[in-house]
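Let's go through this one by asking why things get the labels they do. Here is the structure to look at.

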Amino acid sequence: MPEASPPPYLSYRNGTIAVCIYLPPKVNSPGIWSNATSPSEILSFSLPLLEMQLLLMFLITHFVYAIFKPLGVTFFASQMFAGVILGPAMLGKIETFKNVLFTPGLSLDIVQTIAGFGFSIFLFLMAVKMDAREVLRSTRRAKVIGIVSLLSPMVIGLIVYQSQSDKLCIMERMIGTIIESMTSFSVVAWLLDDLKIGNTELGRLALSSSTVCNMCSICLITFVSLTKHLHESTSNFVKYLGITILFIIFLFVMVRPLMFWIIKETPEGRPVRETHIVIVIMVAIGCSTFTNWFNQSPLLGAFLVGLAIPDGPPLGSALVDKFDCFARGVFLVAFVTTTTMKVNPNKVLSDPEKFNFSIVFVVSTFIAKFLSCFIASFWDMMPLRDASAFSLIMSSKGVVELQYFASYRGIQILSESTFTVLALSILVNATLIPIIVKILYDPVSKKYAGYQKRNLIHLKPDAELRVLACIHGSESARAMIDILDLTCPTKESPNVVYVLHLIELIGRDSPIFIAHQKLDNKVVTCHENILAFNHYSEKNGGLVTVNAFTAISPPKLMHEDICTMALDKQTSLLLLPFHKKWTMDGTVVENENTMIRNLNFSVLHQAPCSIGILVGCGLHNWRRKLMKSSKFCSIGMIFLGGTDDREALVLAKRMARDPKVKLTLIHLIPDQEPVKTVDWDMMLDVEMLKDFKENEVGDGCNITFTQQVSNDGKQTAKFVRSLTADYDLIIIGRRCGLESVQTTGLSEWCEYPELGVIGDLLASMVLDSRVFVLVVQQQLYIY
């Protein structure tokens, strides 16, 4: 194109910029050594310029992140800081820099187009990771928090809007109110991942609540966007609304069945075919184009297609594995940086009225969202610091809100000054909230802390019993099956058993987690113990469901696998084997595994449910024959009082429902009750023992209640020793840290504190009596 003088400046809104392009386009440079091109002209070609722009954004982002990471600044905030550095506030002021690298017009449009396309891929992948059904499966607490966290800031935002004398810019303030009120699942998930608290109870509640809030806000934003057609004509509004509904129906009727067909066509254990991956991506791009044709954001189409794809393997995980790294590492950096480069602090004060309104509006909606989430969580018995951290997480803003503001600025709904204030508020939010949450919430000590009561004593009578049984070898597998056999599953209250075979990681760096198919009967070494549990399930005729897993990990991380699975599967009881291993005949201790003992200690301090440690050498062949010929399996329960003893009593009562089980409940009391104020624990103990004393337990249980006097630890030790020959199984509570008259002096001689003082006594007698001992600790939930 011949060179010519540019046309005069035209005034339209913020001004019109004349752009000169070369035909044919200058894309590929011949290189700096070419005679046709001087080094100074390299950046006049679009491809080298794009590469230089992406490289500069990448370097500045990582430079900022390396400096501020020790302070707790996230990678997303670093991307926004990079945009501010490259924007009009800093380097953008330098005319040479702006004219060479980020010339307003074609050179900036190219990188913004690439960034926008990349962000649509990123949003598509985030939707793939998101399970829309979580909205229906969420707990009542999550639904309430999700809805309240959306409505309360919206109401406050509308009140602030109505209080202003200026009633102009209705659409601008309506859209701003909705976006400020929303909580994005993607933003919360990314924040929790940065803070490494995604597996905590607080993190899971935040994900569930944000899913509810996110889906509601998407519906609301889509509806408000459609209302702009109502100003044109009612027929246009009805037309676009009908098209949107038909598009959603198309996703459910055509796209989602296509995804399930792809999964069906993928052989088990094999990767998804490349052709199918391409088909899915093309469907996402096609749907983005479709929504853009009908005056909706192209990102909406990609996001909805992502929701239609089943999360997890094989298809969802394959898409994430292939595209997530590039989408996050390159495209997202480009999008956030170029979007933040539009922030122009110099124009913030150009309209003081809008500036003041924007500040008041942002602060008021943030406070409303924070307080509503805080009240809803704190009212539901969440501790003060945790409730504050949770409310900050729900109030966090990120890339999704930034994208909404940028898109509405692009179509002239948001003014430049309003966009600048809102974008800077996101930067402040994304910088401070992660730092404050780290101060308020300790992810190490509370990673598996429970706010919900997952134990036996709070289990409903008709609820299924979920048990996680951990095994290390064939000996512990047989012992676990023996105990599970005594839990008396019924049609009204069946057992769901999750078996986790723990193997020490040797000879490789990456831990392995294997989910075994129930019908997988390949007999290999690591499956032998799993097959024993499958046979146990089949023997119980549908009353027991077994799901088996193998975790191969370093000993220091094994408790992570156990606690995470207990949290994921919402188990009420976690069974652990004792660290001592006996010979096959049960007469000699073969070895003491220190690794297993350390593992048990770690699980006792962090498990999100009740725990049972099983001590014993197993029911050997002669013992099994005796039990089969005997009329009863004799179980003894020693009760002193406290939460652990009450939990153990509930388990013993459940076992007593089996007609072949005879339970003897022994209440160990001092000769003279000390004079003291009756506390809450004592009242609960009396209430639980009331039915046993009056022999009104019901359910056809064969239960005998006795009381035994003990005034010190010596008497208790003598009495406990006399019991071991009379029972096949003795159940006790751990009672860690509880002192009583009956156990005076025993803690000084306790060799195994993980079993409690009574459990320690019984463990020392296992060889002589070959009795099973089950030590129970109730879930340590947060008050």
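Q: How do you know that β2 and strand β4 (residues 544–553) pair, and in which sense?
A: They share 10 bridges in the parallel sense, and two strands pair if DSSP finds at least two bridges between them, so these two qualify. For one bridge, look at V497, whose partner in β4 is V546. By the way, this is a predicted model, where local features need pLDDT of at least 70, side-chain atom pairs count only at pLDDT 80 or more, and totals for chains, interfaces and linings use all residues. Residues are numbered from 1 along each chain as its sequence is written, and side-chain values use heavy atoms, with hydrogens and water left out.

Q: What does β2 pair with over seven bridges?
A: That's strand β1 (residues 465–471), again in the parallel sense. R466 stands opposite V496 in β2. Helices (H or I, at least four residues) and strands (E, at least two) are DSSP runs, numbered from the N terminus.

Q: What makes a right-handed β-α-β unit here?
A: β1, helix α18 (residues 474–485) and β2 do. The label fits if, with the strands pointing away from you, the path from the first strand over the helix to the second runs clockwise.

Q: Why is H276 called buried or exposed?
A: H276 has a relative accessible area of 5%, and buried means under 20%, exposed over 50%, partly exposed in between (1.4 Å probe, protein chains only). So H276 is buried. H276 lies in helix α11 (residues 274–293). Leaving aside neighbours within four places in sequence, H276 is in contact (heavy atoms within 4.5 Å) with W261, I262 and E265.

Q: What makes K143 count as it does?
A: Its relative accessibility is 31%, so K143 is partly exposed. K143 is found in helix α6 (residues 140–163). K143 and S209 are 66 residues apart in sequence, yet 6.1 Å apart in space, C-alpha to C-alpha.

Q: Why are α10 and α12 described as they are, given a crossing of roughly 45°?
A: Angles under 35 degrees count as roughly parallel, over 145 as roughly antiparallel, 65 to 115 as roughly perpendicular and the rest as oblique. Roughly 45° falls in the rest, so α10 and α12 are oblique to each other. The axes of helix α10 (residues 234–265) and α12 come within 9 Å.

Q: How do you know that helix α12 (residues 298–308) is mostly covered?
A: 10 of its 11 residues are buried, among them L299 and F303.

Conventions. Axes are lines fitted to C-alpha atoms, for helices over the stretch in contact, and angles run from 0 to 180 degrees between N-to-C directions.
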